[in-house]
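Hi,

Here is the structure I promised to pass on. Have a look at it first, and then read my notes on the empty spaces in it.

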Amino acid sequence: MSTATAKTDIEDVVLAAPDRERLSALLVGQDRPPRPSALSASLAFGWRAMLKIKHVPEQLFDVTAFPIMLVLMYTYLFGGALAGSTEEYIQFLLPGIMVMSVVMITMYTGVAVNTDIAKGVFDRFRTLPIWRPAPMVGYLLGDVLRYLLASAVMLSIGMLIGFRPEGGVLGVLAGVALLIVFSFAFSWIWTMFGLLLRSEKSVMGVSMMVIFPLTFLSNVFVDPKTMPGWLQAFVNNSPVTHLATAVRELMAGNWPAADIAWSLGWAGVLMAVFGVVTMRLYNRK
């Protein structure tokens with residue numbers, strides 16, 4: 001290559017550089033896609049959670065086989081002793097055991113969050129130009145499908161063995177809707193533990209320590225009137241008791257305003273407290 005030719009090429013590059021810069025600025029300024037809204041980002045992460053179920057379907061065991069086992073076991077073990085017949089006991093038991101099962105499976109939200117943190121996935125999420133709580137909200141939205149599936153499975157098996165809700169379809173839908181709202185709020189507790197604890201085993205251990213006393217010390221299985229006075233004081237003021245009573249009465253065709261208000265109030269408090277704590281931990285993680 002001659003010196004003159006090389007000089008000409010260098011001049012062309014130098015002269016073309018401003019044009020390239022202006023073109024780059026034009027493309028960046030006009031062609032960059034708009035930032036996703038909070039709703040669309042949350043729905044995208046919710047869809048991600050659903051795709052994980054598609055690729056690992058065995059994780060649905062806890063919302064299919066486990067609820068069926070609980071309904072059959074408690075109905076036929078305790079039905080005759082507590083109510084005189086399984087047909088009568090299932091009317092009392094099914095709404096309560098459905099509340100218990102759905103509340104128990106909320107712990108897997110925290111386990112999933114902790115697993116993604118351990119794999120480094122959340123470090124990549126924080127680099128995205130999205131609404132900061134979107135990954136957390138997405139997890140919870142994805143788990144709503146699990147709550148609905150567990151409720152549908154338990155209602156189906158209950159109907160097969162004699163459950164007959166006097167509230168009809170509207171009463172059942174109202175009860176399930178209230179349960180989903182409460183469970184969505186309750187899941188924020190486990191997202192906090194998922195961020196706070198160092199392993200998924202720790203998250204499950206702490207979750208069990210909270211959930212088992214909270215669900216078993218309630219009116220899910222029996223009327224609290226037969227309990228000692230000191231235990232009644234705890235059971236009657238438990239959020240699970242208020243929720244189980246509200247769902248049970250709605251499916252029976254009644255409108256328990258006080259228990260519905262308590263359940264929604266608890267849901268609001270849980271979201272306000274643990275949602276804020278979770279996001280602070282997430283921003284500092």
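**Pockets, a cavity and the annotated spans**

Seven nonpolar, four polar and six charged residues make up the lining of the largest pocket. Before going further, do keep in mind that this is a predicted model.

That largest pocket holds about 370 Å³ of space. Its lining has 17 residues, and those nearest the centre are Lys52, Gln59, Tyr108, Ala112 and Arg146. If you want to find the walls by element, look at α2 (38-55), α5 (107-118) and α7 (134-160), each of which gives two or more residues to the lining. The largest share comes from α5, with six residues.

Next, the second largest pocket. Its volume is about 170 Å³. Here is what lines it, going along the chain:

- Gln91, Phe92 and Pro95 are among the lining residues.
- Phe163, Arg164, Pro165 and Glu166 also belong to the lining.
- Arg248, Glu249, Met251, Ala252 and Asn254 complete the lining.

Two helices, α4 (86-105) and α11 (239-251), supply at least two residues each to this second pocket. By type, its lining splits into six nonpolar, two polar and four charged residues.

What about closed-off space? How many cavities of 30 Å³ or more does a search of the whole structure find? Just one turns up, and the volume of the largest cavity is about 30 Å³. Around that cavity you'll see Phe125, Arg126, Leu128, Ile130, Trp131, Arg132, Pro135 and Tyr282. Six of the residues in its lining are nonpolar and two are charged, with no polar ones.

Now for the annotation. The UniProt record, an unreviewed entry, gives "transmembrane region" at residues 60-83, 89-115, 136-163, 169-190, 202-222 and 260-282. I looked at two of those spans in the model:

- Residues 89-115 are 96% helix and 0% strand, with 40 Å between the end C-alpha atoms.
- Residues 169-190 are 100% helix and 0% strand, and their end C-alpha atoms are 32 Å apart.

If you open the model now, you could begin at Tyr108 and Ala112, two of the residues nearest the centre of the largest pocket. After that, go to Phe163 and Arg164 in the lining of the second largest pocket, and then to Trp131 and Tyr282 beside the cavity.

Cheers

Key. Residues numbered from 1 in each chain as written. Predicted model: local features only at pLDDT ≥ 70, side-chain atom pairs only at ≥ 80, totals over all residues. Heavy atoms only, no water. UniProt positions renumbered as here; feature names shortened; annotations may be inferred. Helix = DSSP H or I, 4+ residues; strand = E, 2+ residues; numbered from the N terminus. 1 Å grid on protein atoms, 1.4 Å probe; cavity = no way out; pocket = protein on both sides within 12 Å on 5 of 7 lines; lining within 4 Å. Points joined across faces, edges and corners; volume = space filled by probe spheres on them. Nonpolar A, V, L, I, M, F, W, Y, C, P; charged D, E, K, R; others polar.
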